[in-house]
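Me: Please take me through this model. I want to know what each label rests on.

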Amino acid sequence: MIPFGLIAQDLPKPKNSVNDFANIISNIEESQLNKSIIDYQNSSGMEICVLTLETIPNDEDIFDFSVKQFKNWGIGKASSDNGIIIIY
């Protein structure tokens, strides 16, 4: 669970491709999804990150929060424009 008042830069750095802070993905599904994303990243060069949250911190606009989180986590390479963040 994400504490109230947390902002994008306060989220821990991702440990895997899937970061299930809302605890909605089972361990088995998370493991399978991580493997699938890593396999795709290795074959495509894309960097993909999945983030689940119970709520967007501070009721921030989803677009603004997504951009901040994308930048804070350093997803993709700016020169390649090869990063994707999926937030649910």
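**Sheet, helix and salt bridges**

Reply: Three bridges join β1 to strand β2 (residues 47–52), and the two run parallel. One bridge pairs V18 with V50 in β2. The model is predicted: local features need pLDDT of at least 70, side-chain atom pairs count only at pLDDT 80 or more, and totals for chains, interfaces and linings use all residues. Residues are numbered from 1 along each chain as its sequence is written, and side-chain values use heavy atoms, with hydrogens and water left out.

Me: What makes β1 and β2 a pair?

Reply: Two strands pair if DSSP finds at least two bridges between them. Three bridges join β1 to β2, so they pair. Strands themselves are DSSP runs (E, at least two residues), helices are runs of H or I with at least four, and numbering starts from the N terminus.

Me: Which strands are the edge strands?

Reply: The open sheet has three strands in the order β1-β2-β3, with parallel pairing. Its edge strands are β1 (18–20) and β3 (83–87), because each pairs on one side only. The twist averages 10 degrees from one strand to the next. Angles run from 0 to 180 degrees between N-to-C directions, and axes are lines fitted to C-alpha atoms, for helices over the stretch in contact.

Me: Where does helix α2 lie?

Reply: Helix α2 (residues 62–73) lies across β1, β2 and β3. It runs at about 130 degrees to β3. S66 is in helix α2. Leaving aside neighbours within four places in sequence, S66 is in contact (heavy atoms within 4.5 Å) with I85 and I87.

Me: Why is S66 called buried?

Reply: Buried means under 20% relative accessible area, exposed means over 50%, and partly exposed is in between (1.4 Å probe, protein chains only). S66 has 16% relative accessibility, so S66 counts as buried.

Me: And V67, also in helix α2: why is V67 called partly exposed?

Reply: V67 has a relative accessible area of 31%, so V67 is partly exposed. V67 also makes a nonpolar surface patch of about 280 Å² with I62 and F63. Patch residues have over 30% relative accessible area and no salt bridge; like charges are joined within 9 Å, nonpolar side chains (Val, Leu, Ile, Met, Phe, Trp, Tyr) within 5 Å. Areas come from the Shrake-Rupley method with a 1.4 Å probe; for residues, only the protein chains shown count as cover.

Me: How do you know that K35 and D39 meet in a salt bridge?

Reply: A salt bridge is a side-chain nitrogen of Lys or Arg within 4 Å of a carboxyl oxygen of Asp or Glu. The K35 and D39 side chains meet at 2.8 Å, N to O, so the pair qualifies. K35 and D39 are four residues apart in helix α1 (residues 27–44), so about one helical turn separates them. K35 is exposed at 52%, while D39 is partly exposed at 40%.

Me: How many salt bridges does this rule give?

Reply: The count comes to three. One of them joins the side chains of E47 and K77 (2.9 Å, N to O). That pair links distant parts of the chain, 30 residues apart: E47 is in strand β2, and K77 is in the loop between α2 and β3. E47 is partly exposed at 24%, and K77 is partly exposed at 44%.

Me: What makes K68 and E60 a salt bridge?

Reply: Their closest N and O atoms are 2.7 Å apart, so the pair meets the cut-off. K68 counts as partly exposed at 40%. E60 has 19% relative accessibility, so E60 counts as buried.
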